[in-house]
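Please take a moment to load the model and turn it around once. We will then walk through it together, a few residues at a time.

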Amino acid sequence: MSLIEMLKRRNVLSFEVYPPKTEAGMDRLCGKGGVLDKLYTLNPDYISCTYGAGGTNVGRNLEVLQKIAQDGRTIPVTHFTCIGNSRERIREQLNGYLDNGINHLLALRGDLPMGCTGTGGDLHYAGELVEFVRREFGDKFTIAVAGSPEGHISCTSLEADIEFLKRKQDLGADYIMTQLCWDMDQFCRWMDAIRAAGVWLPVDVGIMPILDQKATINMALSRNGCVMPRSLSVLISKHWIFPDPFTANPETDTQYHQKKAAFREAGVEYTIDQIHQYRRCGIAGIHLYALNRFEDVAYIAREAGLLREDAKV
Ligand code: FAD
């Protein structure tokens, strides 16, 4: 069954990994008995791999996806951005993916590098990338696009952002993968708003497990401007590492290790509860950022009831 059929028929489960920077990291992810091999046992419908804006990790991104394609246990999906890419280079890279059996793509603009006002490439928005892929490759790729339930950080209004999302649909996108959103009321309003605006694509919800204070705060505030519900702020405050979680030597807090472990435990339960709330909102799937780890993600997927009966864990 195609991924689009799956998204239409049942709740899909997928994971996101990133290309490690070191050989040891590659071995942990892609080696025999590594994280990918373990993730397969959860029977995900697809595994996606991020793409460094500017193509900094293109080689590793392809290596990870090649492994997933060769293993044949799930669908490999690559993220792909416009940053610094000419049309010629895009054509070349996409042909490379196809040659390796990778025909699913998350088409993104990419985050603009610090100090830049444009992509520095031939294409300026994700919509242009969708249009280019459809024109050059027809239906060879299944194309996902990003959706931002709180509005993209640089959008002029939520309405305008939804209009651009609709344009991505009209240009040939197949489904939506969402940006981080912890504000469930806003998520439900956005679902209603996109449907009212004529966006009928399946919505696959991106979820970052809450495992670490620093990563949680970073992800919300460094780029995305995400609202933190009071319950999540309280969770962070209750386990606050003094003087702050960003300090280079936080072990000056004598309870550092206990607080880290307690936060992680509470964060896992928070994530599971959030998945239950999402599943009541008419979504098509849950896309868990696996962060190149297995145990926590497996626990969350199992406890949130995301595993199909044939999963091995
Ligand atoms: P677009 O859809 O192009 O939108 C960008 C902004 O421009 C928005 O404000 C939109 O309202 C506006 N806009 C859109 N079209 C037009 C137009 N025609 N005219 C004027 N304004 C317009 N980044 C990476 O670098 N690598 C990754 O692997 C990666 N993975 C991601 C995975 C997911 C699930 C998500 C949600 C995001 C990911 N990102 C990744 C981040 C993403 O690249 C950024 O959020 C980026 O800033 C916007 O990308 P986009 O595709 O949403 O852009």
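**A walk through the model**

H79 is buried, with a relative accessible area of 6%; buried means under 20% relative accessible area, exposed over 50% and partly exposed in between, with a 1.4 Å probe and protein chains only. Before going further, please note that this is a predicted model, in which local features need pLDDT of at least 70 and side-chain atom pairs count only at pLDDT 80 or more, while totals for chains, interfaces and linings use all residues. Residues are numbered from 1 along each chain as its sequence is written, and side-chain values use heavy atoms, with hydrogens and water left out.

Back to H79, which lies in strand β3. Helices (H or I, at least four residues) and strands (E, at least two) are DSSP runs, numbered from the N terminus. The side chain of H79 makes a polar contact with the side chain of S48, at 2.8 Å. A polar contact is a pair of N or O atoms within 3.5 Å; within protein, one must be able to donate a hydrogen and the other to accept it, and residues adjacent in sequence count only if both atoms are side-chain atoms. Leaving aside neighbours within four places in sequence, H79 is in contact (heavy atoms within 4.5 Å) with E16, S48, C49, T50, Y51, N61, Y97, L106 and L108.

One of those partners, Y51, leads us to the ligand. Which residues are closest to the ligand? They are Y51, D111, H152, D161 and K168, out of 23 residues that surround it; a residue is counted as near if one of its heavy atoms lies within 4 Å of the molecule. A polar backbone atom of Y51 is 2.7 Å from a nitrogen atom of the ligand. The side chain of H152 places an N or O atom 2.8 Å from a ligand oxygen, and a polar side-chain atom of D161 lies 2.5 Å from an oxygen atom of the ligand. Taken alone, the ligand exposes 980 Å², and the protein buries 86% of that; such areas come from the Shrake-Rupley method with a 1.4 Å probe, and for residues only the protein chains shown count as cover.

Which elements give two or more residues to the shell around the ligand? They are β3 (75-81), β4 (104-108), α7 (158-170) and β6 (175-178), and α7 gives the most, with four residues. By class, the shell has ten nonpolar, eight polar and five charged residues. Here Ala, Val, Leu, Ile, Met, Phe, Trp, Tyr, Cys and Pro count as nonpolar, Asp, Glu, Lys and Arg as charged, and the others, Gly among them, as polar.

Just before α7 in our tour comes S148, in the loop between β5 (142-147) and α7. S148 counts as buried because its relative accessibility is 12%. Not counting residues up to four places away in sequence, S148 touches L158, D161, Q179 and W190.

Now for the nonpolar interior. In soluble globular proteins, nonpolar side chains tend to be buried together. The largest nonpolar core has 69 residues, and F187 and L288 have the most contacts inside it. A nonpolar core is a set of buried Ala, Val, Leu, Ile, Met, Phe, Trp, Tyr and Cys residues joined through side-chain atoms within 4.5 Å. Beyond four places in sequence, L288 touches S14, F15, E16, I207, P209, I275, V297, I300, A301 and L306. Apart from this core lies another, of 14 residues, among them L3, Y46, L108 and Y175.

L211 sits in the loop between β7 (203-207) and α9 (213-224) and counts as buried because its relative accessibility is 5%. Its contacts more than four places away in sequence include L291, R293 and D296. L291 itself is in the loop between β8 (285-289) and α12 and is partly exposed, with a relative accessible area of 27%. In helix α12 (residues 295-303) we find E295, which counts as exposed because its relative accessibility is 55%.

Finally, a look at the backbone. Most residues other than glycine have a negative phi, and most peptide bonds are trans. L291 has a positive phi, near 55 degrees, and N43, in the loop between α3 (35-40) and β2 (46-49), has a positive phi of about 55 degrees. A cis peptide bond joins F242 and P243, with omega about 0 degrees; P243 is in the loop between α10 (230-238) and α11 (256-279).
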